[in-house]
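Please open the structure in your viewer and keep the sequence panel beside it. The stops below each suggest a selection and then describe what is found there.

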Amino acid sequence: MRLWPDSIAGRIVGLLVAGLALTMLASLSIFMLDLFHGKGWDETFRNLHRTAVVASVLNRVSPDSRLALIPALSEPGLSVAWRPGETPPAMAQDAMTHHLARDVRVLSESYGLERVEAGYPAGAQRPALDWMMPAPGPLHVWVALSDGTWVQFSMATERVGALSTLRLVLAIGVSLFGIMALGLWAARKVTAPLARFALAAQRLGANVDVPPMSETGPSEIRQAAAAFNDMQNRIRRLIEDRTLMLGAISHDVRTALTRLRFRTELIVDPAQRRKAAADLDEMESMLTASLSFARDDSAAEPPTVLDLSVLLQSLCDDFADAGKPVSCEGPLHLKYSGRPVSLRRAFANLIDNALTYGRAADVVLIDSGDCIEITIGDRGPGIPDAMRDRVFVPFFRLEASRSRKTGGTGLGLTIARMVVRRHGGEIALADRPGGGLLVKVTLPKVSSPVFAGL
């Protein structure tokens with residue numbers, strides 16, 4: 001027979017019931033420990049038995065001898081007084097005094113004494129919010145002798161224990177701590193599968209080829225994990241089908257472009273022939289860029305440890321060797337786990353954009369502790385706030401002529417953001433102080449849980 005429930009609801013109920021039962025058991029054990037007998041059962045019984053014995057001794061002697069014996073029978077915390085001609089006054093009573101009177105009565109019955117009264121002085125009042133505490137002051141026990149007179153015993157409350165504040169606070173503290181610990185543990189047990197799903201979703205967003213989720217745990221989690229893995233497989237098959245379709249389209253379009261190139265040779269006018277050839281070159285370049293973006297070759301590149309500072313410096317050196325105004329600042333070395341080819345392509349696109357539209361590119365690398373920041377600033381006209389999200393849309397260009405002389409295909413920023421997001425980072429655009437555009441790339445450190453599984 002399966003004792004541990006298979007569902008989340010059953011496990012939560014089981015955890016709560018078992019945990020609360022153990023917590024209440026521990027709390028009640030402390031609370032009930034010497035509930036009426038704080039000094040321990042042996043010592044408390046001795047005090048109660050002494051009360052019954054003293055009363056029986058006074059009951060046997062003559063009234064004249066009682067006054068002489070009383071000083072010898074009294075002791076610290078338990079005083080004895082014979083009250084001839086008096087009866088027990090009105091006293092404040094509670095569960096403690098009823099319990100005490102019953103115990104003394106049972107012990108006194110063997111000596112022929114059956115009338116016992118117990119209580120606190122009538123004026124004694126319990127402190128506010130201490131309704132479970134005994135009233136302050138001594139505890140009075142009156143035992144009736146056979147001649148009708150009464151013996152009064154004044155006991156310190158600690159001689160019979162009473163309900164200690166320390167025990168009550170300890171019991172409440174154990175109960176609260178147990179409930180809090182149980183709640184925290186149960187919450188972690190319940191939210192742990194949800195955290196696994198959140199991490200799996202983030203990893204899937206970065207790379208559809210990540211390993212599938214483990215289909216373990218409660219039945220609901222296993223079903224959800226199986227559905228998640230099935231969704232991941234469908235997405236992967238969809239991307240593979242799209243890649244195959246694009247490959248077929250590429251083959252057919254390139255075949256048509258090749259035929260058009262041969263036909264341009266038949267154009268008699270040299271100027272028209274050059275224009276036709278330029279259009280074909282632009283079409284082929286756009287086709288190559290589009291297919292490269294659609295295939296997303298960066299996803300297949302395995303991550304490795306690289307020196308991000310050296311990668312950026314080498315990029316800037318390549319642009320500087322070509323006569324471009326590029327500068328690079330930052331630490332000499334900075335280790336990072338990523339895809340070097342993809343990162344080089346992304347930063348090359350960003351630097352090229354800054355040079356093309358901003359006349360300069362100033363690259364700054366900063367290690368801020370929990371993340372890495374790379375900024376690329378230019379001195380161009382910048383990008384209006386309303387257009388900063390649209391520039392990341394594939395094939396969108398701020399320059400409307402779409403001429404190859406004034407820009408590329410409109411995929412540079414799109415590819416850069418795709419690569420950065422695959423590394424768990426993000427790209428943001430802002431105005432550069434003094435004029436121009438500032439592209440800020442934020443990359444998580446190697447310990448990023450999302451990128452760690454890629």
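Begin by selecting threonine 264, which, once its neighbours within four places in sequence are set aside, is in contact (heavy atoms within 4.5 Å) with Arg273, Ala276 and Leu280. This is a predicted model, in which local features need pLDDT of at least 70 and side-chain atom pairs count only at pLDDT 80 or more, while totals for chains, interfaces and linings use all residues. Residues are numbered from 1 along each chain as its sequence is written, and side-chain values use heavy atoms, with hydrogens and water left out.

Threonine 264 belongs to helix α6 (residues 219-264); helices here are DSSP runs of H or I with at least four residues, numbered from the N terminus. With a relative accessible area of 9%, threonine 264 is buried, a word that stands for under 20% relative accessible area with a 1.4 Å probe and protein chains only.

Next, select leucine 182, in helix α5 (residues 165-206), which is likewise buried, at a relative accessible area of 8%. Not counting residues up to four places away in sequence, leucine 182 touches Leu15, Leu16, Gly19 and Leu20. Add alanine 18 to the selection: leucine 182 and alanine 18 are 164 residues apart in sequence, yet their C-alpha atoms are 9.6 Å apart in space.

Move on to helix α8 (residues 308-321), whose 14 residues reach 20 Å from first C-alpha to last, close to the 20 Å expected at 1.5 Å a residue, that expectation being 1.5 Å times one less than the number of residues. Its buried residues are Leu308, Ser309, Leu311, Leu312, Leu315, Cys316 and Phe319. Looking down the axis of α8, you will find these buried residues within an arc of 165°, so they line one face of the helix; the arc is taken from the directions from the helix axis to the C-beta atoms. At the start of α8, a side-chain oxygen of aspartate 307 comes to within 3.2 Å of the backbone nitrogen of serine 309, and just after the helix, glycine 323 takes a positive phi of about 85°.

Finally, select helix α10 (residues 412-422), where eight of the eleven residues are buried, so the helix is largely enclosed by the rest of the structure. Just after α10, glycine 424 has a positive phi of about 80°. Show helix α9 (residues 340-358) as well, and look at where Ser342, Leu343, Arg345, Ala346, Asn349, Leu350 and Asn353 of α9 meet Gly412, Leu413, Ile415, Ala416 and Val419 of α10.

Key: Helix = DSSP H or I, 4+ residues; strand = E, 2+ residues; numbered from the N terminus. Buried < 20%, exposed > 50% of the residue type's maximum accessible area, 1.4 Å probe, protein only. Polar contact = N/O pair within 3.5 Å; in protein donor to acceptor, adjacent residues only side chain to side chain.
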